[in-house]
Amino acid sequence: MAEHETFHYRDLSELRAEAEALGVDLPVREDAAPLLSAGRLGRRALANRLAVHPMEGCDATAEGAPDALTFRRYERWGAGGAGLIWFEATAVAAEGRANPRQLHLHEGTAGAFAELVRRTRASASSAGSEPVLILQLTHSGRYSRPRGRPAPVIAHHSAVLDRHSGLPPDYALITDEELDALQGAYVRAAELAAEAGFDGVDVKACHRYLVNELLASHTREGRYGGDYEGRTRFLREVVAKVAGAVGDRLEVVTRLNVYDGIAHPYGWGVARAASGDAPAADLDEPVRLIGDLRRARLAAVSVTAGNPYRFSHVNRPADFAAAGEPEAPEHPLEGVSRLLGLTREVQRAHPELTVVGTGYTWLRQYFPPAASAAVAAGDVTVAGLGRGALAYPDFAADLRRTGRLDPQKVCISCGSCTQIMRDGGRTGCVVRDAAVYGPIYRAGRFRAPDTLRRLADRCRRCADPPCRLACPAGVDIPTFLDATAAGDFRAAYDVLRRALLLPGACGAVCPSEVTCSAACVRGVLGESPVPVAGLHREVAARAVAEGWAGLSVPRACSGRRVAVVGAGPAGLACAAELVCRGHRVEVFDRAAEAGGKLASVIPRRRLRPEALRAEIEAVFGGVPADRLAWRLGAPLGPGRTLDDLAAEGFEAACLAFGLGNAGGLTRPDGGCEGVVDAGAFLAQLNAHPDHRVGGPVAVIGGGNTAADAAVLAAERGAEEVYLLYRRGWREMPAWPGQRQEVLEAGVDVLLLARAVGYETDGSGRVCGVRAVRTRPGPAGADGRRRSVDVPGSDFVLPVRLAVEALGEAAEGDVAEVIAGVRLHDGVVRADPRTLATDRAGVFAAGDLVNGGATVARALREGRQAGEGIDAFLAGRA
């Protein structure tokens, strides 16, 4: 084998010369007519000999239905002009999903698949095309990860692959009885595919997923292993049963590995005497199997080879390997030639069968000459692109229109689409579809273990680390970074949890640009600071996924009852501290779920609600019900006061229910339709991700809530968004990161402008914001310059919606509800060390005390209040 090289050919002659020098057989034909000629797949007519190969997007819903990016991908392919669109691997059973976002066809998702077919055909029809649509059915076998963690289902033990997967010798195999039952799942999925409107179904038997592994199960005992009849039994019987059930409506096909590249007795399509990492191919059994399947009414075979998880160069010749994989041990042209040669051998053995070929993507713009020559010579019926189609969805249309492919649109074999999948993201072309997949790729690369270790290792290990002093929660950042750099993510998480109950949520929302990262010496020196918040967000996500996040509850219970009022960060941190100290805790909150403002007003782009729920569940889910009770939908108020809690037998309480709106502008009649509080506005839009905002919008205020409201209004389609703030840019209290988001969203920021009231139309709806220009005045008691109105500068800003973000304070009736607890300037007065209030046994934490600060501070104060309550209870023992 020749040394690996990257693609570097400036014209077809250079490619042909390289192939000749390597001794590689690569016929070419510059006339594209063979590819554009009509063909057939079973009873279906093909408009041309071009195919889109099945490429998993990893972008389904949790239930397995196609999601927005799935629809987008197939609509683009529908309009792209290929005669055959082979839809991606779709699980026939929940446990057979390769990842939590793999497509899964069942009764609950069948309607969404029908819509996917409809929209793909509509897109194709609008472009004058009518492609044949094949759905690939699969069980991922040893690569199953239905909940994001490996859950292998294996047909045999492999000395080659078990070690790579970390499977012990006694790991259980799927039984013959389970395989018998699984056949029924394939048949039912095929029936649903027929109802959805597909033209055919593929029983996937490649890339070392379950059916392919059965073909190589030489060492397996029982009916599905051993000799040829046993090893091929599952595929033969499933194809026959599917054909019997839906053969009058669908074409039945298979994407088949004809060569695994794994030595006997663990490989299929390999010479029995061969050994090593590149055993010789022997297609006697694959060719025989295809003949058997044809007798069971198989209409086509898509030829492929290799295992993308172990020897990816065999099935995907590329310029660059995925992270952690070695460079391919051969020149990519040798891999291309091998795939074309395997396809040729199958086609010549079955000249009347529709054979779909692969291996062309690495050739870039020279795919058509190579594929055209193969079709003209009868070496393949249809030629397709997989990665190439992700990059260039309209390759067929361009070829038909111009007779060539555009070098600036082809796949460059960088491996990024594979890397996204390995990193747990949604897959697409990072280079050619950068606006969509660039951010996904970068996020995935950030959370990859190798990246986390490298970034953490950038810490200078300062003797007196300023980052630690800058952290509102007092996290021991250097120790956390040392553990992360060493790859000991569990130890790193333990460091975080000593200070932060919810490090994942905190890492997502913490303004690190003004705390830890702002203090990082590397940033001071003009380098990129260590991204501390991002690192602890990802370490926390790993802890949630791996099950490390649960609270450790002592067996012995103190018997003391404590009420925690508020299920936001401070309340949750207090509850956790008390539970871990052996007390019985009941958490009250007005909302239907825990999380407080993290769950309601933080934009989804910063903190996904499902991630917050998962973290809270991971932390509290294992706490026994007799130690922790949730009384959600049960706030303090006139009907349940602090005195009532004492009467219920609670010996102590923590007030952590946050703040409400500080008040609005004076309105013409005390009310005005179209004027909303920013918190309510954010909660409404977060709860309804599809809700659109119409007309011009004014957001009044300059804090973080105002910034979030303005950006979200712009994202949801507001015609124009204005942010009115009475002071200048430097005085704006919103954090730098959120101010930058405001600018990037295209919000019109009106500085030195103070809103004073509203104009309404005849129906009582707001139609304008009355405002006045201001100028900086003398400094106030807080050191900030006051704003002074400029006489005669009044103006009206036409709007249809006004969002008020004018600060927060304790709600009006709170003094009566928490009698005995002193308020000052709209917040609760508490001892700064213990957070005890003036009422014995009552403590307070979070925004109710600090007036609104970081989540990290709220978590710290919640823990601090829990410690104070524990000490108080100990003193009363």
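How many of the 18 residues of α12 are buried? In this predicted model, local features require pLDDT of at least 70 and side-chain atom pairs count only at pLDDT 80 or more, while totals for chains, interfaces and linings use all residues. Residues are numbered from 1 along each chain as its sequence is written, and side-chain values use heavy atoms, with hydrogens and water left out.

Of the 18 residues of α12, 13 are buried (under 20% relative accessible area, 1.4 Å probe, protein chains only), so this helix is largely enclosed by the rest of the structure. Helix α12 comprises residues 332-349, helices being DSSP runs of H or I of at least four residues and strands runs of E of at least two, numbered from the N terminus. Its end C-alpha atoms are 26 Å apart, which agrees with the 26 Å expected at 1.5 Å a residue, the span being 1.5 Å times one less than the number of residues.

The axes of helices α18 (residues 449-456) and α25 (residues 532-546) come within 11 Å and cross at roughly 140°, where axes are lines fitted to C-alpha atoms over the stretch in contact and angles run from 0 to 180 degrees between N-to-C directions. The contact (heavy atoms within 4.5 Å) involves P449, L452, L455 and A456 of α18 together with L535, E538 and R542 of α25.

A656, in the loop between β15 (652-655) and β16 (660-661), is buried, with a relative accessible area of 9%. Beyond its neighbours within four places in sequence, A656 contacts V565, G566, A570, G571 and A845; the C-alpha atoms of A656 and V565, 91 residues apart along the chain, are separated by 5.6 Å.

Definitions and conventions:
Buried < 20%, exposed > 50% of the residue type's maximum accessible area, 1.4 Å probe, protein only.
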